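This report covers the enclosed and open spaces of a model and the ligand it holds. The structure comes next, followed by the findings.

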Amino acid sequence: MSIASKINEFSAELPQGTRLVAVSKYHPASAVAEAYSAGQRIFGESHVQEVVAKYEELPKDIQWHFIGHLQTNKVKFIAPFISLIHSVDSEHLLAEIEKQAAKAGRQIPVLLEILVAQEDTKFGFSTESLGALLADKGFLARFPHVVFKGIMGMASHTDDMARIRADFHALSQFFQQAKALVPTFTELSMGMSGDYKIAVEEGSTLVRIGTSIFGERDYSK
Ligand SMILES: *Cc1c(COP(=O)(O)O)cnc(C)c1O
């Protein structure tokens with residue numbers, strides 16, 4: 001099936017409150033262009049050099065979302081144009097985003113990444129540490145050039161559907177509680193090709209789908 005028909009299929013399938021982030025990492029600009037021609041405007045990337053190159057080459061009404069682990073020394077390259085950073089996983093990174101957003105003369109929307117998966121290889125805040133930070137009004141006020149849009153998370157890498165649902169449920173519960181503390185919270189980013197259906201059932205507003213749209217990634221390039 002073509003990329004364009006996959007985009008159409010997802011648009012038809014996803015419920016009203018859930019938007020599609022087409023994850024185009026490792027796929028060429030031509031693949032993004034094909035999805036764009038089918039009406040897709042939100043694309044997810046996880047490497048700074050790659051998103052900068054695609055931003056320069058492709059139409060300017062594309063909304064680029066950064067979804068990978070972001071090194072502080074690279075924030076400056078995406079600060080002028082990035083639409084949403086899903087993967088803010090430390091206070092240190094937040095401080096750098098604040099600095100670079102101020103320099104670029106804009107506010108940068110972000111999601112705070114929460115680690116619920118049963119793996120120690122992933123990045124993110126614990127629900128306990130993030131809950132404490134958000135409860136502190138002075139904390140958010142330190143970042144006037146950052147718009148706190150919500151949270152992002154990944155489920156455990158497993159075939160155990162009950163485990164995946166429990167992870168998404170925990171993220172969703174935390175999101176509902178955090179919304180009471182942070183009025184700008186509207187987005188809950190969870191769900192990938194293998195588990196997005198469960199994520200949608202648990203309340204995801206942004207699903208990040210790569211493989212099911214663009215096919216397998218070739219990491220050798
Ligand atoms: C690569 C990636 C995705 C897309 O994964 P697929 O399984 O190809 O849909 C989603 N989220 C994050 C954070 C990723 O790095």
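The lining of the largest cavity is made up of Glu113, Ile114, Leu115, Val116, Ala117, Lys122, Phe123, Gly153 and Met154. By class, these lining residues are 6 nonpolar, 1 polar and 2 charged. The volume of this largest cavity is about 30 Å³, and the structure has 1 cavity of 30 Å³ or more. The model is a predicted one.

Turning to the pockets, the largest pocket has a volume of about 450 Å³, while the second largest pocket holds about 270 Å³. The lining of the largest pocket counts 20 residues. Those that lie nearest its centre are Lys25, Ile67, Met154, Met192 and Arg208. Its lining splits into 6 nonpolar, 9 polar and 5 charged residues.

The second largest pocket is lined by Lys122, Met154, Ala155, Ser156, His157, Thr158, Asp159, Met161, Ile164, Met192, Gly194 and Asp195. In this lining, 5 residues are nonpolar, 4 are polar and 3 are charged. Met154 and Met192 belong to the lining of the second largest pocket and are also among the residues nearest the centre of the largest pocket. Lys122 and Met154, which help to line the second largest pocket, appear in the lining of the largest cavity as well.

Which space does the ligand take? The ligand occupies the largest pocket. Around the ligand stand Val23, Lys25, Ile67, Met152, Met154 and Met192, together with Ser193, Arg208, Ile209, Gly210, Thr211 and Arg217. This shell consists of 6 nonpolar, 3 polar and 3 charged residues. Lys25, Ile67, Met154, Met192 and Arg208 of the shell are the residues that lie nearest the centre of the largest pocket.

Polar contacts between the ligand and side chains include those below. In each row, the distance runs from the named ligand atom to an N or O atom of the side chain.

| Side chain | Ligand atom | Distance |
|---|---|---|
| Ser193 | oxygen | 2.6 Å |
| Arg208 | nitrogen | 2.8 Å |
| Arg217 | oxygen | 2.7 Å |

Taken alone, the ligand exposes 390 Å², of which the protein buries 88%.

In short, the ligand lies in the largest pocket, and its side-chain partners include Ser193 through a ligand oxygen, Arg208 through a ligand nitrogen and Arg217 through a ligand oxygen.

Methods: Residues are numbered from 1 along each chain as its sequence is written. This is a predicted model: local features need pLDDT of at least 70, side-chain atom pairs count only at pLDDT 80 or more; totals for chains, interfaces and linings use all residues. Side-chain values use heavy atoms; hydrogens and water are left out. On a 1 Å grid over the protein atoms alone, a cavity is a set of points where a 1.4 Å probe fits but cannot get out, and a pocket is an open set with protein on both sides within 12 Å along at least five of seven lines; lining residues have an atom within 4 Å of a point. Grid points are joined across faces, edges and corners, and a volume is the space filled by probe spheres set on the points. Ala, Val, Leu, Ile, Met, Phe, Trp, Tyr, Cys and Pro count as nonpolar, Asp, Glu, Lys and Arg as charged, and the others, Gly among them, as polar. A residue is near a molecule or strand if one of its heavy atoms lies within 4 Å of it. A polar contact is a pair of N or O atoms within 3.5 Å; within protein, one must be able to donate a hydrogen and the other to accept it, and residues adjacent in sequence count only if both atoms are side-chain atoms. Accessible areas come from the Shrake-Rupley method with a 1.4 Å probe; for residues, only the protein chains shown count as cover. A molecule sits in a cavity or pocket if more than half of its atoms lie within 2 Å of its grid points.
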